[in-house]
Each structure stands twice: as C-alpha cells, then as structure tokens.
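Open the model in your viewer and keep the selection tool handy. We will go from stop to stop, and at each one you will hear what to select and what is there.

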Amino acid sequence: MVTNAQVGLNFLSNEPPNLADTLIAFTRIVEDGKTTAAIITGLNALFNRKTPEMKPISIRETVEEILPLLRGRLLRSGVTVQDEVLLDLPLVNGGTIALQQVFINLLNNALDAVSMVDHDKLVVIRSSYKERMVSIAIEDSGVRPANYEKIFVPFYTTKAKGMGLGLPIAKSIIEAHGGTLSARATANAFGSIFEFKLPIWEKEKPI
Ligand SMILES: Nc1ncnc2c1ncn2[C@@H]1O[C@H](COP(=O)(O)OP(=O)(O)OP(=O)(O)O)[C@@H](O)[C@H]1O
Ligand SMILES: [Mg+2]
C-alpha cells in the first residue's frame with residue numbers, strides 16, 4: 001500500500017502529471033485497503049470469539065453476494081464455479097459479514113488449489129439440510145494438501161503470499177455460530193471438500 005502510494009505521488013509530481021498511472025496506483029491502494037479490512041475483520045472473529053449480530057441469514061443470498069466479488073479472479077483463471085445452493089435452503093442463524101468471510105476464505109483457497117492443476121478447474125458449492133442443521137460443501141478439483149488437519153493450524157501456509165489464517169478464521173467463525181468445519185479428499189483422483197454445518201435459524205430459540 002505504501003509503495004503504491006509513493007509510486008502514485010511520483011506519477012503526480014511528473015511534469016505533466018501522469019494521471020493514468022496514478023489512477024492504477026491508487027486503485028491498487030483501494031484494493032489492498034479492502035483486503036486489509038477483510039483480514040482485520042477475520043482476526044477480530046478469530047480472537048474475539050463472540051459474533052456480534054446474529055440474525056436470520058440466507059446462504060443463497062450470501063453466495064450470490066460473494067461470487068461477483070471473485071469474478072475478476074475467475075475470468076482471469078479459467079475456473080468454473082458451479083453454484084448448486086438450494087433455492088429453498090432454510091435460513092441459518094448468523095452474522096452477515098462473518099459468513100461472507102467464511103465463503104471468501106474457502107473459495108479463495110479452492111481457486112488457489114485449482115490454479116495449480118492442468119485438468120478441469122472446477123469448484124462446486126452444494127447445500128443440504130438435515131436435523132436442524134444446514135450443510136454447505138465447497139468441492140474443488142485442485143491439488144490436495146498433504147495433511148487435512150495441519151491446514152487448520154494458524155499460520156500454516158504453503159503459499160508464497162499466504163498468511164495461513166484463512167482456514168483458522170473460517171473454522172473459528174463457524175464454531176462461534178454453533179457449527180463445525182471439516183475438510184476431506186473427494187472420491188475422485190483430485191480435489192478436496194470443505195464442508196461446514198450451521199444451525200438452522202429458529203424464531204423461538206436463537207442460539
Ligand atoms: N482447497 C484447498 N485445497 C488444497 N489445499 C488447501 C485448500 N485450502 C487450504 N489448503 C492448504 O491449507 C493451507 C492453509 O490455508 P489457509 O487458508 O489457512 O491459509 P493460506 O490460504 O495459505 O493463506 P491466507 O491467510 O491468505 O488464507 C494453504 O496454504 C494450503 O496449503
Ligand atoms: Mg487461504
């Protein structure tokens with residue numbers, strides 16, 4: 001962010017000012033600022049385990065809000081995301097931003113994993129519900145981690161620019177909602193399934 005700000009200032013101090021490149025530098029600052037804000041929201045969720053606002057949330061709408069945010073990444077990378085979330089999925093009890101964060105972290109991981117393979121790059125989001133719990137599964141066709149437990153340890157990362165916080169943050173948010181998050185290999189030769197379960201919203205008995 002600081003580098004882009006300095007670059008932007010240099011472009012502005014040119015004679016005449018280089019407005020096109022200044023615009024690019026400042027756009028990067030805005031993007032970095034948003035990423036930083038998302039990380040801070042996630043860190044808050046990780047260390048301050050109470051979830052602020054709990055209300056009825058539609059997972060369908062959450063996915064519809066999140067996918068456009070990833071569109072740039074999807075177009076660049078040639079990944080297909082199949083949204084198979086049920087139209088009549090029951091509402092869950094949760095915080096909007098916290099649950100958006102979970103999707104962003106899991107989908108970014110899935111996109112990173114499929115970006116490393118040559119075969120079809122596919123991510124599927126499925127849903128189901130049973131016994132007052134909604135289940136969301138994000139399945140990718142990417143490379144698999146060597147160990148499905150280690151990846152939840154804070155600061156464990158295999159990525160050059162990774163912080164190793166996406167999964168611990170997602171797990172912490174889901175558990176603060178009274179749910180669970182787990183990961184396993186698919187039945188195919190490639191890919192993983194990250195599945196989380198959340199209690200269905202109940203009018204009479206919010207958790
Ligand atoms: N869908 C996935 N497929 C394969 N490996 C994965 C997947 N999701 C996570 N991992 C592995 O788990 C590690 C930890 O994931 P986590 O999201 O916590 O951190 P990160 O993605 O490395 O960094 P960031 O803090 O930016 O999220 C990753 O570095 C990767 O090795
Ligand atoms: Mg991640």
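The tour starts with the whole chain, moves to the sheet and its helices, then visits the ligand and a few single residues.

**The whole chain**

Keep in mind from the outset that this is a predicted model. Show the chain as a cartoon: its secondary structure comes to six helices and seven strands. Walking from the N terminus, you pass the elements in the order α-α-β-α-α-β-β-α-β-β-α-β-β. Along the principal axes, the C-alpha atoms fill a box of roughly 70 × 40 × 30 Å. Of the 207 residues, 27% count as buried.

Now colour residues 2–46 and 55–199 separately, since these are domain 1 and domain 2. The centres of domain 1 and domain 2, taken over C-alpha atoms, are separated by 28 Å. If you work with contact maps, here is a figure for the chain: among contacts with a separation of 6 or more, 70% are between residues 24 or more positions apart.

**The sheet**

Select the strands β2, β4, β5, β7 and β6, in that order. They make up an open sheet of five strands with mixed pairing. Which strands stand at the edges? They are β2 (80–84) and β6 (180–185); each has a single partner strand, so one side of each is left without a neighbour in the sheet. From one strand to the next, the twist averages 15°.

Start at the β2 end. β2 runs parallel to β4 (residues 122–130), and five bridges join the pair. For a landmark, label valine 81, whose bridge partner in β4 is valine 123.

Next, add the helices that pack on the sheet. Helix α3 (residues 59–69) touches β2, β4 and β5 (133–140), and its direction makes about 160° with that of β2. Helix α5 (residues 96–114) touches β4, β5 and β7 (192–199), with its direction at about 25° to that of β5.

Carry on across the sheet to β5 and β7, an antiparallel pair joined by seven bridges. Here isoleucine 138 stands opposite phenylalanine 194 of β7. The pairing of β7 with β6 is also antiparallel, over six bridges, and arginine 184 has isoleucine 193 in β7 as its bridge partner. Zoom in on the connection: β6 and β7 form a hairpin with six residues between them, and glycine 191 in the turn has a positive phi of about 90°.

While you are in β7, select glutamate 195. Is this residue buried or exposed? Glutamate 195 counts as partly exposed because it has 18 C-beta neighbours inside 10 Å, and the cut-off for buried is 20 or more. Leaving aside residues up to four places away in sequence, glutamate 195 touches Ser135, Ile136, Ala137 and Ser182. Draw a distance from glutamate 195 to isoleucine 138 as well: the two are 57 residues apart in sequence, yet 6.3 Å apart in space, C-alpha to C-alpha.

**The ligand**

Select ligand 1 and show what surrounds it. The shell has 22 residues, and the closest are Asn109, Ala113, Thr157, Gly162 and Gly166. Both α5 and α6 (166–176) supply at least two residues of this shell, and the largest share, four residues, comes from α5. Colour the shell by type and you get 10 nonpolar, nine polar and three charged residues.

**Backbone stops**

Most residues other than glycine have a negative phi, and most peptide bonds are trans. The next selections depart from that pattern.

- Glutamate 15 and proline 16: a cis peptide bond joins them, with omega about -5°. Proline 16 is in the loop between α1 (2–13) and α2 (19–47).
- Arginine 132: phi is near 65°, a positive value. Look for this residue in the loop between β4 and β5; with 10 C-beta neighbours inside 10 Å, arginine 132 counts as exposed.
- Phenylalanine 155: phi is positive here too, near 75°. This residue sits in the loop between β5 and α6, and with 9 C-beta neighbours inside 10 Å, phenylalanine 155 counts as exposed.

**Last stop**

Finish at leucine 70, in the loop between α3 and α4 (71–77). Leucine 70 is partly exposed, with 19 other C-beta atoms within 10 Å. For a final distance, pick the C-alpha atoms of leucine 70 and glutamate 131: they are separated by 32 Å, and the residues are 61 apart along the chain.

Note on methods
Residues numbered from 1 in each chain as written. Chains lettered and ligands numbered in written order. Predicted model: local features only at pLDDT ≥ 70, side-chain atom pairs only at ≥ 80, totals over all residues. Pairing = 2+ DSSP bridges. Axes fitted to C-alpha atoms, helices over the stretch in contact; angles between N-to-C directions. Contact = placed C-beta atoms within 7 Å. Near = placed C-beta within 6 Å. Nonpolar A, V, L, I, M, F, W, Y, C, P; charged D, E, K, R; others polar. Buried ≥ 20, exposed ≤ 12 C-beta atoms within 10 Å, placed from the backbone. Domains from an automatic or database assignment.
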